[in-house]
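Please look over the sequence and the model below, and then work through the questions that follow.

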Amino acid sequence: LWRHDAETNLSLQKRMGNMIIREKNFKHKVALSPSRIDKYLNCSALYAATYLYKIPDYGNSGSKRGSVTHDVLEILHNDRHKDKVDQILEQETCKNLGGVWKLVIRFAKKYGVNNQDDLDLIDKFIYVALKTGFFGPPGTVKIYSEKTFDFEVEDAGISYRLKGFIDRSFVYERGGNLYIKIADWKTSKEKYKPEELLENNQSICYQLAVIRYLFPDIKMDSFEFIFVKFPKNPIISIELM
């Protein structure tokens, strides 16, 4: 299991079937990412403004609430904060835990969303994320938070570089075998529509990264988007490739 840590991940060049994966000495200075692909497909002008002309994107209140939520969850992931997570789950709020709530407010001020309405939403987002399998399925032996990937692929005459990070990766044991589960938190105001799930670029990129690069020897078992704005039914399971 531990051989999958970043510093010992894969050798400089590893052939997997007809696909060659290279690390570090990249031919491509520009790397594809799910957000970069989606931005290009949705609006080429916005893509040009962001990636070609480097016009700063200051985001909106929704994306900023998402940044606060992710930053707090990243800290709560640490084992020494498990008692705090248990208290949040029991009380269904962060507001009664002085240290955690101060942290939420500090990040909210950083992103400019420290008004009461935004703080209330962030509090609910954190609670839903924590209650939705935050520590993985039964048998979890390793949790990776914001697992990064950056690799180059040559396949069937096509060459490209792909990079990004995955919110949560769970390695768990079942029936004597190891499996991978992927979870990605979404703070958007709407869930994906069925047609948006058929060819979801983020799902495709993440599955490629997991199967071909991060954990090639462990079977991927499930992929979930967790829409934390919908506490009653936050999970959308993705059909694996």
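Contact here means heavy atoms within 4.5 Å. This is a predicted model, in which local features need pLDDT of at least 70 and side-chain atom pairs count only at pLDDT 80 or more, while totals for chains, interfaces and linings use all residues. Residues are numbered from 1 along each chain as its sequence is written, and side-chain values use heavy atoms, with hydrogens and water left out.

Q: Which residues does Ser-33 touch, not counting residues up to four places away in sequence?
A: Ser-33 sits in the loop between β2 (19–22) and α1 (34–42), where helices (H or I, at least four residues) and strands (E, at least two) are DSSP runs numbered from the N terminus. Leaving out residues up to four places away in sequence, the residues that Ser-33 touches are Leu-162 and Lys-163.

Q: Is Ser-33 buried or exposed?
A: Buried means under 20% relative accessible area, exposed over 50%, and partly exposed in between (1.4 Å probe, protein chains only). Because its relative accessibility is 13%, Ser-33 counts as buried.

Q: Which element gives the largest share of the largest nonpolar core?
A: A nonpolar core is a set of buried Ala, Val, Leu, Ile, Met, Phe, Trp, Tyr and Cys residues joined through side-chain atoms within 4.5 Å. Of the 29 residues in the largest one, Val-72, Leu-76, Ile-88, Val-104, Ile-126 and Leu-130 touch the most other members. Two or more residues come from each of α3 (61–76), α4 (82–91), α5, α6 and β5 (177–186), and the largest share, 8 residues, comes from α6.
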